[in-house]
Amino acid sequence: MSPRERQARRRSKTHAVPVILGSVFGFLLICGIAFGVGMMVNVNRWLSDLPDYTDIDNYMTSEPTSIVDMNGNEIASLYVQNRDSVEFDQISPYVIKGTVDVEDERFYAHPGVDIIGIGRAVLNQLAGRSEGASTITQQLVRNTILSEEQFDNTIERKVREAWIALQMEKIFSKDEILTMYLNTIYYGHGAYGIQAASVTYFSKNASDLTLAEAALLIGLPNAPGYYDPTTNPDLALSRRNKVLGNMLRQGTITQKEHDAAVAEPITLNLTEQTVNGTYAHPYFVDYVKTLLQEEFSTDVLFKGGLTVKTTIDPNLQALAEDAAISRMDAVDSDGELNVGMTVIDPKTGYIKAMVGGRNYDADDSHINHATSRRSTGSAFKAITLAAAIDAGMSPTLPINCSSPMTIDPYYPADGQLRNYGNYDYGTLTLAQATAKSSNTGYVQVALAIGNDKIIDMSKKLGIDTDAAGMDPYAASLTLTGGGYGCSTVEMAEAFATYAAGGKHRNAVAISEILNREGEILYQHEDDPTEVLTAGEAAAVTDCLEQVMTGGGTGASGRPSINQPIAGKTGTGGTANDTTDLWFCGYTPQLSVAIWVGRSLTNDAIPYLHTADTVLPIFRTFMNSALEGVAREEFATGTAPTYKKNSEWKLAGGSASVEKTESPESPETEAATDPATENGTTGGTTTGGTTTGGNGTTSGGTGGANTPTQPSTPTPEPEPEPEPEPEPEPETPAPNPSPTPSA
């Protein structure tokens with residue numbers, strides 16, 4: 001190739017580069033124009049149906065949220081009463097300046113949308129930090145006239161919000177916008193607006209707030225529940241001081257003012273404000289509100305016009321309240337004891353009734369005893385039983401249930417492991433040990449299967465515990481003995497799994513949520529998980545049915561209805577004092593958990609037993625709730641495959657069922673024969689006379705003295721035991737370890 005040809009080729013290549021680049025840029029320009037035209041069309045469409053942002057009243061609107069029962073009857077209406085709008089000059093300058101410093105430091109410089117703030121937020125996001133870019137004007141728009149769209153994370157919503165914010169700034173002054181914002185945002189405790197918040201937390205007007213008080217309130221709207229100074233004072237203090245730091249950095253306050261305010265403790269002067277509209281079932285309504293607040297902002301909950309459909313059955317609720325409260329009034333006229341109760345439908349997981357206490361209006365603390373966690377005592381043995389059967393332990397396994405018992409290395413030679421009343425049962429099968437609620441037998445079961453299996457089973461059944469990592473002694477005793485607190489909701493949910501043939505369903509209080517247009521925002525879908533096979537669940541139920549018959553600890557609580565019934569009693573507390581009384585029972589239709597104890601303390605409950613309290617409540621409720629209901633049977637399935645009994649090495653030594661005896665359990669010492677349901681309703685036993693209910697039965701010690709037989713054949717035939725006289729009850733010792741507070 002000649003030099004001239006090479007030069008011509010180089011010139012052609014040089015000319016090609018601009019052509020290629022020009023083509024690329026031209027293509028991009030065309031795409032950009034097309035995209036811009038398309039976006040303009042979309043933007044015009046998005047802005048075609050805007051609400052009236054020129055009317056100041058539209059920034060103060062609020063529609064109540066309606067909570068209804070399963071039949072659609074309204075049981076609560078949630079809307080705010082204590083909004084008291086104020087003018088700009090009626091608000092402390094500390095609030096005015098501090099709110100701007102924290103929420104939108106360029107508020108007085110931007111036109112409603114802060115381009116610089118958006119850029120800063122993008123850079124922070126890229127750096128792994130979180131920072132919002134919404135201005136005060138945008139927040140006002142989002143929380144008021146666009147409240148229905150505030151959860152739509154779309155370009156359309158952001159464009160509409162930004163456009164209205166820009167237009168607002170042309171209509172209203174900065175001070176007017178800031179005043180509207182401060183009059184509408186939520187500060188917690190039902191207080192909407194800065195004036196209501198000032199009165200609620202400090203019993204003073206917004207104009208009179210000190211620097212420290214203003215900083216506390218300024219920090220609340222970010223997360224009113226999280227920074228609530230009445231429940232989380234440490235978090236509230238930290239948030240307040242962060243606000244003061246922002247004000248110092250912006251030059252709003254001096255270093256001296258900052259240091260003085262930081263040194264002040266949080267001192268509240270609360271004024272109770274009212275949130276209108278709980279018409280029925282206040283404990284349940286409080287529970288539902290707690291669930292809603294986990295999913296919705298407080299503004300939407302109290303202003304969004306939602307309809308919340310719940311699972312509560314008003315008929316069963318009335319029966320549960322009547323059974324629980326009437327019994328408590330009969331045994332505790334002074335009102336020192338309280339009661340918690342939850343009723344669940346095993347087929348759906350729906351909470352059908354919830355008794356949170358004896359009198360909501362008279363109890364200033366409003367503690368919901370149905371959701372409070374209290375020591376379950378031996379009721380937790382039903383969880384250990386499920387874990388044991390799941391691990392392959394047969395209900396026919398013979399266990400040494402003597403008392404007292406020494407188990408090296410966990411118990412010293414003084415034999416501190418005891419059954420309730422220190423009663424010596426000798427040898428019982430696992431099924432019989434369940435019916436008698438033998439502590440010595442069940443600790444051995446727990447040690448044999450391992451604490452990890454108990455924890456795993458409890459979690460699968462819906463019970464949470466922080467017992468992981470405990471040493472085997474503490475875990476076996478504390479978990480199996482019920483030393484860890486559970487709520488009646490958790491326990492009813494767990495026992496409902498047995499009633500449902502091993503299928504676990506989470507407890508459900510809300511079935512559906514609709515927005516103000518009637519559109520479905522949430523709808524519960526049944527999604528059970530198999531925790532136990534049907535055969536394993538049937539084996540658990542078979543053992544728990546024995547608790548309710550013969551000499552079982554729950555026999556006096558057996559209803560007279562024509563339904564199969566299973567359950568477990570529980571007596572929680574310490575080595576010397578009973579503090580918590582439990583019963584958890586179920587039929588194929590309903591699972592019920594009941595607790596009785598003192599509201600705020602772990603003080604002992606003298607002279608009362610499960611037969612005086614929780615068992616009569618269960619019996620009365622179930623007789624009313626299932627009267628005339630057709631009999632159903634518990635689900636059955638393929639029998640579990642168990643390990644050989646000889647494979648289990650129990651800490652109490654080998655045992656034989658040849659001499660198994662089933663003496664009357666001391667937990668039934670105050671029991672009433674179910675056959676006398678109409679004559680005596682679970683009275684107390686004193687000096688051989690049972691009193692209570694509608695009649696008096698003389699000359700008995702309460703309860704039948706019938707031996708309990710295992711539900712499945714024992715390895716060898718068991719001779720019929722002779723009835724034994726019941727021992728005098730001793731100081732209860734169900735749980736040698738201390739019980740956590742509620």
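Reader: Is the crossing of helices α4 and α6 left-handed or right-handed?
Author: In this predicted model, local features need pLDDT of at least 70 and side-chain atom pairs pLDDT 80 or more, while totals for chains, interfaces and linings use all residues. Residues are numbered from 1 along each chain as its sequence is written, and side-chain values use heavy atoms, without hydrogens and water. Helices α4 (residues 136-143) and α6 (residues 174-184), DSSP runs of H or I with at least four residues, have axes that come within 10 Å. Their crossing (anticlockwise turn of the near helix by less than a right angle) is left-handed.

Reader: At roughly what angle do the axes of α4 and α6 cross?
Author: Helices α4 and α6 are oblique to each other. The contact involves Ile136, Thr137, Gln139 and Leu140 of α4 and Ile177, Leu178, Met180, Tyr181 and Thr184 of α6 (heavy atoms within 4.5 Å). The axes, fitted to C-alpha atoms over the stretch in contact, cross at roughly 50 degrees.

Reader: How many residues of strand β17 are buried?
Author: Strand β17 spans residues 591-598, a strand being a DSSP run of E with at least two residues. Strand β17 is largely enclosed by the rest of the structure, because its buried residues (under 20% relative accessible area, 1.4 Å probe, protein chains only) number 8 of the 8.

Reader: Which residue in β17 is the bridge partner of Thr342?
Author: Strand β5 (residues 337-344) pairs with β17 in the antiparallel sense over 8 bridges (at least two are needed). Strand β16 (residues 578-586) also pairs with β17 in the antiparallel sense, over 7 bridges, and Phe583 stands opposite Ile594. For Thr342, the bridge partner in β17 is Ala593.

Notes: Buried < 20%, exposed > 50% of the residue type's maximum accessible area, 1.4 Å probe, protein only. Axes fitted to C-alpha atoms, helices over the stretch in contact; angles between N-to-C directions. Parallel < 35°, antiparallel > 145°, perpendicular 65-115°, else oblique.
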